[in-house]
Amino acid sequence: MTRRAAVLLAGTAVVSVLLAMPAGANPAAATAAASVIPIPASVTPLEGRFILRAGTPIYTAGNAEARRIADYFADLVHRIHAIRLAVRDLPPMRAAKPAATADPPAQAIVFRLDPHAPGTSPESYQIDVSSERVLVSAPDPRGLFYGAVTLWQLCSAPAMHGEITLAAMQITDSPRFRWRGLMIDSARHFQSPEFIMRYIDWMAVHKLNMLGWHLTDDQGWRLAVRKYPRLTSIGAWRVPAGAAAQRDIDAATGRPRLYGGFYSQDDVRRVVAHARARYVTIVPEIDMPGHATAAIVAYPRLGVTDHPPRAVPADWGVFPNLYNVEESTFGFLEDVLAEVMELFPGEYIHLGGDEAVKDQWKASTRVQARMRELGVPNEEALQSYFTGRMGKYLEAHGRRMIGWDEILEGGVPPGAAVMSWRGVQGAITAAASGHDAVLSPAPTLYLDSRQGTGPEEPPGRGEVVSLERVYRFDPLPAPLAAAADHVLGVQANLWTEHVRLEERASYMTWPRAAALAEIAWSAAERRDFADFQRRLPLEFDRYRALGMHFSTTAFAPPRSVGPWERHMSQDLKTCTGKLVLNLEDDAPLQGPRAVFLIDIENPCWMLPAMDLTRAKRLSAAVGQVPFNFQIGRDIDAIHLRPPRTPAGELEVRLDGCDGAPLAVLPLAPAAGNDAVTVLPDAALRPLAGTHALCFTFTQRTLDPLWAVEWVQLSP
């Protein structure tokens with residue numbers, strides 16, 4: 001989006017607010033009101049304006065939290081305008097007066113904790129802007145913090161001659177939901193503690209208050225546990241998939257270089273303290289009984305089979321490895337949770353419970369014997385027993401369990417909350433049975449999906465989940481409306497199988513998480529996507545000031561590719577939509593890598609129909625990606641075309657994918673290259689009229705999997 005387009009959009013937002021304002025109201029209030037995300041519950045324009053400039057004092061009544069919030073606001077203003085504000089304590093006589101009778105200083109900003117401030121939630125706040133002062137008041141520090149965030153947004157319009165003009169107005173605001181969350185997956189790819197803290201900062205300026213932290217999975221265990229050091233000395237490290245990683249030998253060990261990382265308990269304490277200062281509660285996730293491979297590699301006695309896995313895997317998907325159900329394993333998990341509770345003071349602990357394939361339990365004579373000992377009739381009931389037992393352990397220590405909606409199968413433990421990810425039905429079922437629920441449905445609230453269709457999109461799932469699609473999600477569909485008291489809120493999840501880099505994690509999150517914030521905070525009747533879009537340009541200015549990577553795809557014009565230009569894989573159509581991914585190449589190890597849109601269960605691409613009358617030659621660039629996917633029996637349905645030569649071929653067919661090829665491009669030049677190779681071009685026989693082209697590979701084995709990066713026709 002160009003700067004001119006951003007200005008035009010922002011101007012449109014002002015006009016829309018002006019048209020909606022009552023006669024006699026201050027028009028300048030429109031500019032400020034058009035900049036706030038999530039949109040407040042009530043904005044009342046008043047007469048007058050307040051001028052904020054360097055040295056404008058900010059007063060608090062001596063309360064330490066109010067002072068810290070005032071300092072936070074001053075820092076945000078300095079980041080976006082380089083204007084320094086002076087934070088001071090109110091004079092003792094004024095500070096001692098009750099809030100209802102105290103006379104705030106003139107030509108100042110005042111942050112005040114006031115038990116009589118309006119609002120039904122501890123997160124409620126009110127902002128009063130007049131020509132004399134700005135007063136931010138709230139009954140609780142949480143509300144005062146969110147008032148500071150809104151005031152910063154009001155101040156984010158461009159400053160003129162070092163002065164910020166705030167239109168007189170009154171804002172009264174409260175959240176719609178208690179749980180306004182994001183989840184970040186640190187198990188598949190490790191992010192630094194510093195990044196997690198920045199992520200929390202970005203959540204806070206959107207009034208998001210719950211961070212799910214996915215710390216354990218098959219591909220890595222990221223949390224240091226004092227009693228079980230091998231969880232991180234072994235379980236936190238793996239060799240990445242692909243030939244390039246296998247050839248990257250660590251001189252110290254003579255073996256392929258390990259990839260990973262973990263959070264020390266001091267790291268976690270630092271992150272938790274930072275989150276507390278931003279009024280964000282961290283919900284740690286320790287997955288069980290499935291997604292347990294990394295823990296079983298570290299401590300094989302935890303597994304079910306006689307031959308447990310010996311290395312942390314680099315495959316994505318669902319593994320069959322479950323914890324066994326011995327008393328010693330429950331003891332291990334209780335020990336882990338004891339240390340988790342020491343580190344994370346929040347009410348909820350997430351125990352996963354998803355995708356627990358029970359084949360190993362079914363095949364194990366020992367597990368079957370334990371089921372008889374426990375009086376458990378089947379494997380689904382065994383998971384219910386497992387989950388219920390761990391939930392009771394948390395409850396005995398003053399905490400609540402939350403789990404993915406699979407915990408509903410076989411019976412959900414009393415008091416447990418349910419996170420509904422397989423659509424919204426899990427929340428409906430949970431609420432109907434008296435359990436609290438968080439809506440977190442795939443794919444709409446899964447941030448690892450692409451935001452647009454262009455080749456500039458980073459790796460992720462192939463399905464497009466646009467900003468508008470997120471914004472239009474209804475967290476209270478009709479079946480839930482009657483049980484709204486059991487809906488804690490909403491959460492969007494950033495799974496990171498295909499999100500390797502921290503800047504990409506940021507890009508995949510924002511601004512879709514801003515849409516989530518408005519869903520979670522603002523009243524349904526206040527939400528309007530066109531208006532939200534008009535407020536985004538100023539939001540993007542704030543993102544730049546905070547150093548955030550973010551997507552502008554919502555404003556990107558439709559991509560147009562001419563007939564003789566390169567068609568990237570993202571410009572092509574996959575022949576089917578079985579399991580489409582926007583996959584990153586595994587090479588080079590350093591520097592940029594190609595990204596291929598590919599259906600891994602049917603690697604086949606179509607160039608949409610176009611006039612090929614003048615087409616004489618075809619060129620293509622191809623790469624190889626590791627087939628590191630646990631997809632169960634679906635792998636048996638993948639059809640490979642037999643190659644003519646040892647390296648295989650890229651075959652091109654006309655108007656379909658069967659019959660004799662129109663052209664064949666040998667893959668021998670690319671066979672030894674881990675990165676992208678431009679193949680020698682191929683001549684095309686004379687063609688007339690409009691045709692589509694189908695591209696497929698021949699190969700004997702799935703791993704590695706050939707992929708198209710681009711194709712190009714030339715006259």
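Q: When do two strands pair?
A: Strands are DSSP runs of E with at least two residues, and helices are runs of H or I with at least four, numbered from the N terminus. Two strands pair if DSSP finds a set number of bridges between them: at least two.

Q: How many bridges join strand 32 to strand 36?
A: This is a predicted model, where local features need pLDDT of at least 70, side-chain atom pairs need 80 or more, and totals for chains, interfaces and linings use all residues. Residues are numbered from 1 along each chain as its sequence is written, and side-chain values use heavy atoms, without hydrogens and water. Strand 32 (residues 649-654) and strand 36 (residues 690-697) run antiparallel. The bridges joining them number five.

Q: Which residue in strand 36 is the bridge partner of E651?
A: Strands 32 and 36 belong to an open sheet with the order 26-29-36-32-33. In strand 36, E651 has as its bridge partner T696.

Q: Which strands are the edge strands of this sheet?
A: The sheet has five strands with antiparallel pairing. An edge strand here pairs on one side only. The two are strand 26 (573-574) and strand 33 (663-666).

Q: Why is helix 13 described as roughly perpendicular to helix 14?
A: Axes are lines fitted to C-alpha atoms over the stretch in contact (heavy atoms within 4.5 Å), with angles from 0 to 180 degrees between N-to-C directions. The axes of helix 13 (residues 365-374) and helix 14 (residues 379-396) come within 11 Å. Angles of 65 to 115 degrees count as roughly perpendicular. Helix 13 is therefore roughly perpendicular to helix 14, as their axes cross at roughly 70 degrees.

Methods. Parallel < 35°, antiparallel > 145°, perpendicular 65-115°, else oblique.
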